[in-house]
Structures are given as C-alpha cells and as structure tokens.
Amino acid sequence: MSNRENILGHYGPLSYDEIGFLLNRMSAYVDRQGMNITIKKKVYSAMVESLENVYKHQDIINGDTEYQPRFTLFLDNKCFSMFVSNSVLNKKAVSLKERLDKVNQLDLKGLKELYKQTILSGNVSPKGGAGLGIINIAKVSENKIGYNFEPISSEHAYFTINIEISLK
Amino acid sequence: MGPLNIEPTEFTPKINFDPESSTFEISGFSRPENVIGFYRPILKWLEEYNEKVLSQNITFEKSLLTINLKMTYFNSASSKFLLDILLEFMKFHSKGNKVEINWYYEDGDDEILESGEEMADMLGYAFNLIPY
C-alpha cells in the first residue's frame with residue numbers, strides 16, 4: 001500500500017512505563033488527526049492488551065538481540081494495523097494458537113458471550129491476566145487476528161500478532 | 001467506619017467510598033501494573049463495610065447505596081475487578097439495601113458506553129447510563 005504510514009515503533013525489552021509512553025504517543029497522533037474517540041479507544045485497548053501480554057509473558061532469551069519484543073503501528077486509508085512480536089516458549093504456543101483460532105471463529109455476538117463467560121467464571125492469574133486480553137482484542141478489532149510463530153529453537157518461537165482496526 | 005480514599009495515579013483510578021453519605025465513586029483510568037494488589041484491598045474494605053455498617057443496620061429502612069463509575073479507560077484485568085466490586089454491591093442489594101449504579105461516559109465514547117451495557121447485562125441489573 002503506497003500510503004501506508006509507520007506511526008510508531010519499539011524494539012527491545014518492554015517496561016510498564018514504556019507501554020505508557022507508546023500509548024501517549026499514539027493518543028497524541030490520533031488527536032492531531034482529529035479522529036473520533038471510539039477509534040482512539042479501540043486502538044488504545046488493542047495496544048494495552050497486546051503490549052501487556054508481551055510485558056507479562058515475554059520469555060526473553062538471554063543474550064539474544066534478534067528476537068526481542070517488537071511493536072509497530074501503521075496507518076493507511078482503511079485501517080490501523082499493529083504488529084506485536086515476542087519470543088515465547090514452544091510449550092505455550094499450542095494453547096495460544098487454540099485461543100486465537102477460537103476467537104477468530106466467532107462473530108461480535110459470540111465474542112461478547114465468550115467475554116461474559118470468561119469474566120464470570122475465570123480467576124485472575126498471579127500475573128494479573130484474566131484470560132480476557134485476546135477476546136478483548138478481537139472485540140475491538142472486529143477483524144480476524146493474524147498471527148505467526150517463527151521457529152527459533154527447540155524451546156522458543158518468535159510469536160507475532162497482527163491486529164487491524166478499521167477506520168469506519 | 002472511615003471513608004476509603006485513594007488518589008489517582010497515571011495507571012490507577014480515584015477511589016472515594018464514603019460510608020456516611022453511602023456514595024461510592026470510582027473514576028479515571030485503570031491499568032495497574034499490579035492489578036491484584038490494587039483492587040484486593042478495595043474488595044476487602046467492602047467486606048468490612050458490610051460487616052461493620054450494613055449488617056448493623058437493623059431498621060426497616062435500608063440504605064440507598066449510590067455507585068458512581070466514571071471511567072475513561074480500563075483494561076481487561078481491571079474489568080474483572082470492577083465486576084467483582086459491583087457483585088459485592090449486588091450482595092448488599094439482595095440483603096434489602098437499595099443500590100443505584102450510575103455509569104458515566106464521555107459523549108461519543110462508544111467503548112465505555114458499551115462496557116457499561118455489558119456490565120449491566122452480566123449483573124442482570126439496570127445501570128443509569130449518563131453521558132457527560
């Protein structure tokens with residue numbers, strides 16, 4: 001796409017403050033463009049949930065400089081598109097893939113129902129995750145979530161999630 | 001029992017629970033780094049409030065508890081705890097107290113409005129959805 005603009009990027013370990021910094025920069029950009037508050041909140045939610053997932057679950061490979069957390073946000077005339085990557089243990093990849101495939105099969109009504117079931121039944125994990133992040137991303141995106149696992153080693157893969165939020 | 005006042009930070013909302021006026025306000029932004037550490041003491045305070053205040057009221061006329069939620073943003077982990085807080089108030093309601101839930105949203109903010117509608121649906125309890 002010729003008019004695709006790279007708005008924001010980050011590469012390297014992610015701190016909580018860094019997430020806040022990226023969110024503030026995105027908000028300032030969206031405000032400058034005069035976009036409506038709902039679009040901003042949707043991009044905001046998708047960024048928070050995906051970046052906090054990286055923050056809580058980053059299985060950093062010591063000394064590795066090639067597979068650090070990565071975040072990129074693009075905008076074209078149709079949508080915001082974000083790519084969020086981090087290394088994960090292969091043993092976590094199966095359940096992650098299952099959860100992504102599950103939300104990708106559901107429409108908005110189905111996602112709302114799944115969110116309701118999960119929030120009413122689920123407990124919050126010691127890391128503070130409530131099992132709701134991926135469902136929330138799918139709800140605000142209203143597009144299928146793209147993902148990829150690039151093999152790194154017998155233990156790790158480089159996981160990338162692609163979230164699109166339409167400008168409508 | 002004294003009020004519960006927590007000042008807002010960049011990542012956490014303002015909490016103002018006042019037993020004297022029976023008003024309970026949560027407002028602002030919520031994505032605490034330690035979501036359990038932030039919300040668990042609030043739930044604990046509500047348990048104590050039930051024991052020390054509500055359960056002591058043996059008069060026929062029960063209290064009207066007013067909950068004002070004026071969130072600008074909350075992440076999914078916070079939504080679990082906001083729901084848990086509201087579930088506590090549902091318990092108070094089932095014991096005969098009147099409960100009014102005011103859900104404020106910025107005019108045009110469909111995300112916060114929808115979250116309010118979804119929470120009301122999950123609780124099976126009507127909210128006053130109020131734009132500002």
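**Notebook: E49(A), the chain A–chain B contact and a pocket**

I began with E49(A), which I found in helix α2 of chain A. The model is predicted, so I kept to computed values throughout.

**Entry 1: E49(A)**

Is E49(A) buried or exposed? I looked up its relative accessible area and got 5%. The cut-off for buried is under 20%, so E49(A) is buried.

Next I listed what E49(A) touches, leaving out residues up to four places away in sequence. In chain A the partners are G133(A), N136(A) and I137(A). In chain B they are Y73(B), N75(B) and S76(B). I then checked the backbone distance to one of these partners, I137(A). The C-alpha atoms of E49(A) and I137(A) are 6.8 Å apart, although 88 residues separate the two along the chain.

**Entry 2: S76(B)**

I followed the contact across to S76(B), which lies in helix α2 of chain B. Its relative accessibility is 4%, so S76(B) also counts as buried. Which residues does S76(B) touch, leaving out those up to four places away in sequence? I noted E49(A), Y115(A), L132(A), G133(A) and N136(A). G133(A) and N136(A) had already turned up in my list for E49(A).

**Entry 3: chain A against chain B**

I then looked at the whole contact between the chains. How many residues of chain A are in contact with chain B? I got 32, and they meet 27 residues of chain B. The area buried between the two chains is about 2,400 Å². Carbon and sulfur atoms give 55% of that area. On the chain A side, Y16(A), K41(A) and I119(A) lose the most area to chain B. Together these three make up 25% of what that side buries.

**Entry 4: the second largest pocket**

I moved on to the second largest pocket, which holds about 380 Å³ of space. Its lining has 24 residues. Nearest the centre I noted N136(A), K139(A) and V140(A) from chain A, with E111(B) and S115(B) from chain B. N136(A) is a residue I had met before, as a contact of both E49(A) and S76(B).

Which elements give two or more residues to the lining? From chain A they are α2 (37–57), α4 (108–121) and α5 (133–141). From chain B they are β4 (64–74), α2 (76–94) and α3 (110–123). The largest share, eight residues, comes from α3(B). By type, I sorted the lining into eight nonpolar, seven polar and nine charged residues.

**Entry 5: two positive phi values**

Most residues other than glycine have a negative phi. I looked up two that do not. E142(A) has a positive phi of about 60° and is not a glycine. I placed E142(A) in the loop between α5 and β4 (146–151) of chain A. At 40% relative accessibility, E142(A) is partly exposed.

S22(B) has a positive phi of about 55°, and again is not a glycine. S22(B) sits in the loop between β2 (14–18) and β3 (23–30) of chain B. S22(B) counts as buried, at 12% relative accessibility.

**Entry 6: chain A as a whole**

Last, I stepped back to chain A. I counted five helices and five strands. Along the sequence they run β-α-α-β-β-α-α-α-β-β. Chain A has 168 residues, and 52% of them count as buried. Among contacts with a separation of 6 or more, 70% join residues 24 or more positions apart. Chain A exposes about 8,200 Å², with 50% of it from carbon and sulfur atoms.

Conventions. Residues are numbered from 1 along each chain as its sequence is written. Chains are lettered from A and ligands numbered from 1 in the order in which they are written. This is a predicted model: local features need pLDDT of at least 70, side-chain atom pairs count only at pLDDT 80 or more; totals for chains, interfaces and linings use all residues. Side-chain values use heavy atoms; hydrogens and water are left out. Helices (H or I, at least four residues) and strands (E, at least two) are DSSP runs, numbered from the N terminus. Buried means under 20% relative accessible area, exposed over 50%, partly exposed in between (1.4 Å probe, protein chains only). Contact means heavy atoms within 4.5 Å. Accessible areas come from the Shrake-Rupley method with a 1.4 Å probe; for residues, only the protein chains shown count as cover. On a 1 Å grid over the protein atoms alone, a cavity is a set of points where a 1.4 Å probe fits but cannot get out, and a pocket is an open set with protein on both sides within 12 Å along at least five of seven lines; lining residues have an atom within 4 Å of a point. Grid points are joined across faces, edges and corners, and a volume is the space filled by probe spheres set on the points. Ala, Val, Leu, Ile, Met, Phe, Trp, Tyr, Cys and Pro count as nonpolar, Asp, Glu, Lys and Arg as charged, and the others, Gly among them, as polar. Buried area is the accessible area (1.4 Å probe) that two parts lose on being put together, summed over both.
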